[in-house]
Amino acid sequence: MMHIHQEAEERHVLTVTVDNEAGILAKIAGLFTARGYNIDSLTVADITDNHEVSRITIVTHGPPSQIDQIHAQLERLVPVHKVVDLTELGPHVARELALVKVAGVGDKRVEALRIAEVFRARPVDTTTESFIFEMTGAPDKIDSFVALMRDLGLVEVGRTGIVAMARGPEEA
Amino acid sequence: MEFEKELGVSEERSGANILVESLVRQGVEFVFGYPGGAVLPIYDALFGDERLRHILVRHEAGAGHAAEGYARSTGKPGVVLVTSGPGATNVITAIADAFLDSIPLVVITGQVPTALIGSDGFQEADTVGISRHCTKHNYLVKDPAELAAVIDEAFQIATTGRPGPVLIDIPKDVQIASAAWNDGPTQRRQRYAPRTQGTAGEIAQAVEMIAAAKAPVFYTGGGVINAGPRATQLLRELQAKTGAPVTSTLMGLGAFPADHADWLGMLGMHGTYEANLAMNQADLIVCVGARFDDRVTGRLDAFAPNSKKIHIDIDRSSINKIVRVELPIVGDCAVVLEQMLAEWGSRKGQDLTEWKARVDTWREKKSLSFPLNDDAIMPQLAIQRLFELTKDKDPIISTEVGQHQMWAAQHFPFFSPNKWLTSGGLGTMGYGLPAAIGAQCGNPDSLVIDIAGDASIQMNIQELGTATQYRLPVKVFILNNEWMGMVRQWQELTYESRFSNSYSDSLPDFVKLAEAYGWKGIRIETESELDAGIQAMIDHPGPVIVDCLVHKESNCFPMIPSGASHVDMILYGDNVAGTMDDEAKALV
């Protein structure tokens with residue numbers, strides 16, 4: 001009998017600075033599927049005035065040797081300027097934005113609003129029977145908030161995926 | 001106006017025209033291609049242009065492999081021109097082949113007009129999407145004003161760093177629309193600048209490791225060939241200083257002369273006993289431009305267990321991909337070898353007498369020997385005779401894929417680079433004939449021979465017509481055993497001789513086929529006809545197919561079966577169980 005072997009895995013946050021050209025996102029996402037790497041989260045937006053450069057934040061997991069390969073394979077793409085493994089580099093800030101729709105009346109509605117205050121989630125849309133809360137924070141904080149809302153009339157969740165940056169004054 | 005003239009802004013030209021001018025500016029001699037609806041403007045621009053020679057193939061796959069053969073044998077990039085849709089998809093295999101073997105290609109594909117992209121138009125395919133992961137880079141050009149810069153960058157990317165295929169998809173309207181053409185040099189984007197040099201610290205450490213090694217081996221690959229003839233020369237110089245034995249991958253054959261006393265032969269699955277044992281027992285492996293491919297390493301956990309490893313490669317992603325190394329050096333083989341030679345100076349390495357004596361005991365196994373047969377020509381013998389009778393002419397050899405390819409690698413020695421054209425990484429049957437055609441275009445005075453098998457040759461047999469049309473005197477030497485020999489061999493060794501669909505039934509009469517295309521056909525049936533048949537092939541001024549009937553059930557040995565280590569080689573005369581466990585079967 002034959003079994004498929006598994007290796008111990010790590011979770012890493014990478015930022016990738018790229019030329020903002022057609023097909024670049026497909027190139028990067030496709031690299032992950034083609035080589036069997038995992039994407040837990042991927043965000044992208046242009047970061048320069050002339051819209052020529054984008055920054056992509058990718059959260060991935062895999063064995064350490066695979067993380068190193070992901071780094072090298074990303075660098076190999078011509079439109080990629082720079083790849084930074086923030087997890088490898090050290091302390092960094094990782095934030096995500098979520099929109100959370102909760103519907104309910106009475107006690108549940110009051111409780112939802114109270115918990116939202118605790119989490120510093122802001123209502124951005126209000127009807128007599130619903131809220132949409134906007135919150136930013138570390139992904140696990142959003143997880144906790146969403147979990148609490150489940151019993152209080154959670155309708156819909158939208159999350160951006162994380163954006164991350166190394167701590168300290170220097171550019172990573 | 002005067003001011004504009006000084007700047008060199010001349011006139012408006014069509015996209016097709018800009019493409020042709022740009023190719024000429026890049027020094028392109030040959031374009032391998034096939035016309036179609038979406039490239040008609042480009043073909044019209046080529047019409048009557050004497051500066052570019054267009055080689056009309058019979059199938060787009062042939063264009064891709066011909067460009068590969070041209071590139072591999074000349075060191076220049078190969079250029080391909082095909083139409084949209086099926087034209088582009090037909091060339092994908094060749095692009096994937098060039099990607100794995102690091103061959104510089106620039107592939108131009110026509111595309112439906114910009115406004116029709118995404119509408120499932122006639123002969124529309126998402127060429128950029130399909131080729132994304134088998135090209136080094138690709139482009140869809142939507143404005144003729146971008147063409148000159150894109151083509152300039154495409155050639156730069158294809159030929160520098162780790163070479164590879166670059167595809168440029170050009171919609172038909174972009175070929176027709178016009179833009180300003182400037183005769184001056186193109187403004188180049190400065191975004192691709194691969195690292196070529198090792199750091200001083202890395203070089204010093206490498207030299208120290210080599211000087212301290214008691215059992216070193218150079219393990220060289222296609223990167224040495226890609227780094228140009230200078231890298232080959234520098235490898236020989238560094239070897240002379242250190243005295244370490246040298247083995248090579250399939251792709252690296254020719255970088256080191258096969259008649260050198262320290263040459264071990266090819267390593268890996270069908271490598272020599274001495275090469276694989278030396279790798280297994282070495283205390284230091286110096287990998288130069290190779291990538292620890294699965295065909296080379298065998299079972300990974302038993303690969304070179306007692307050695308430190310230095311890995312020189314221009315592609316950082318090749319390092320630590322499969323085998324972890326103590327000292328990675330990212331750089332061009334020629335540059336790094338030169339740095340190492342300078343650092344070595346007049347140093348003396350360890351006394352390698354004992355190590356070389358051990359190597360000699362492995363050589364005594366004579367792992368490439370094979371039993372002769374009274375009734376049939378042994379395929380290995382046919383290759384040896386082909387070498388003996390052609391060696392004065394320093395021929396260029398291409399191959400298809402399978403047993404004949406491995407026998408050629410084992411029994412046809414090479415002494416210089418760019419003479420050996422084979423599909424290593426992708427293993428593409430049908431590569432050899434078009435590759436030989438491309439090589440003959442680039443080397444009109446050379447003897448170019450495709451060593452083929454009866455199954456492989458049929459995969460791009462239509463290219464016989466291309467050689468006829470351009471009077472290219474390529475030779476095709478078929479080792480005909482009426483089997484897909486390597487498949488048959490694996491079925492014998494792994495599946496208890498259940499020969500599922502590996503028999504080459506209904507073979508054509510290759511002699512008559514040759515004649516139908518205006519080639520000469522020669523059949524060799526017995527050993528007594530072998531030399532005369534080969535000689536007749538060499539003497540004929542035009543293209544020739546030799547149908548050499550060889551022993552049908554010969555296996556290619558030595559062989560490291562899948563899942564085995566370098567010390568578990570099968571040699572001729574060994575008993576083979578004829579089956580394997582599932583773990584081994586699951587390996588390719």
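Here are short questions and answers on a predicted model with chains A and B.

Reader: What is the mean pLDDT of chain B?
Author: This is a predicted model. It scores ipTM 0.89 and pTM 0.95. In chain B, 98% of the residues reach 70 or more, and the mean pLDDT is 95.

Reader: Which residues of chain B have pLDDT that stays under 50?
Author: Where pLDDT is low, the predicted coordinates should not be read in detail. In chain B there is such a stretch, and the model has 1 contact beyond four places in sequence for it. The stretch is residues 1-6.

Reader: How many helices and strands does chain A have?
Author: Read along the sequence, the pattern of chain A is β-α-β-β-α-β-α-β-α-β-β-α-β-β. The α entries are helices and the β entries strands. The count for chain A is 5 helices and 9 strands.

Reader: What share of the residues of chain A count as buried?
Author: The C-alpha trace of chain A spans about 60 × 55 × 30 Å along its principal axes. Buried means under 20% relative accessible area. Of the 172 residues of chain A, the share that counts as buried is 40%.

Reader: Which residues of strand 9 of chain A point to one face and are buried?
Author: In a regular strand the side chains alternate between the two faces of the sheet. Strand 9 of chain A, residues 163-166, shows this alternation. A:Val163 and A:Met165 point to one face and are not buried. Pointing to the other face, and buried, are A:Ala164 and A:Ala166.

Reader: What is the bridge partner of A:Val93 in strand 9 of chain A?
Author: Strand 5 of chain A covers residues 92-103. Strand 5 and strand 9 of chain A pair in the antiparallel sense over 4 bridges. In strand 9, the partner of A:Val93 is A:Met165.

Reader: How many residues apart in sequence are the parts that A:Phe133 and A:Phe145 tie together?
Author: A search of the whole structure finds 18 aromatic pairs over all chains. A:Phe133 and A:Phe145 form an edge-to-face pair, at 5.9 Å centre to centre and 85° between the planes. A:Phe133 lies in strand 7 of chain A and A:Phe145 in helix 5 of chain A, so the pair ties together parts whose separation in sequence is 12 residues.

Reader: Why is the pair of B:Tyr219 and B:Phe292 edge-to-face?
Author: Planes over 60 degrees apart count as edge-to-face. Both B:Tyr219 and B:Phe292 are buried. Their ring centres are 5.2 Å apart, and the pair is edge-to-face because the planes are at 70°.

Reader: Which helix gives the largest share of the largest nonpolar core?
Author: The largest nonpolar core has 76 residues. Those with the most contacts inside it include B:Ile310, B:Met340 and B:Phe477. The largest share, 7 residues, comes from residues 333-344 of chain B, which form helix 15.

Reader: How many residues are in the other core, which lies apart?
Author: This core lies apart from the largest nonpolar core. Among its residues are B:Ile55, B:Ile103, B:Leu105 and B:Val448. Its count is 46 residues.

Reader: Is B:Gln190 buried or exposed?
Author: B:Gln190 sits in the loop between strand 8 and helix 10 of chain B. Its relative accessible area is 72%. Exposed means over 50%. Therefore B:Gln190 is exposed.

Methods
Residues are numbered from 1 along each chain as its sequence is written. Chains are lettered from A and ligands numbered from 1 in the order in which they are written. This is a predicted model: local features need pLDDT of at least 70, side-chain atom pairs count only at pLDDT 80 or more; totals for chains, interfaces and linings use all residues. Side-chain values use heavy atoms; hydrogens and water are left out. A nonpolar core is a set of buried Ala, Val, Leu, Ile, Met, Phe, Trp, Tyr and Cys residues joined through side-chain atoms within 4.5 Å. Buried means under 20% relative accessible area, exposed over 50%, partly exposed in between (1.4 Å probe, protein chains only). Helices (H or I, at least four residues) and strands (E, at least two) are DSSP runs, numbered from the N terminus. pLDDT is the predictor's confidence in each residue, from 0 to 100. Contact means heavy atoms within 4.5 Å. Two strands pair if DSSP finds at least two bridges between them. Rings of Phe, Tyr and Trp (its six-membered ring) pair if their centres lie within 6.5 Å; planes under 30 degrees apart count as stacked, over 60 as edge-to-face and the rest as tilted.
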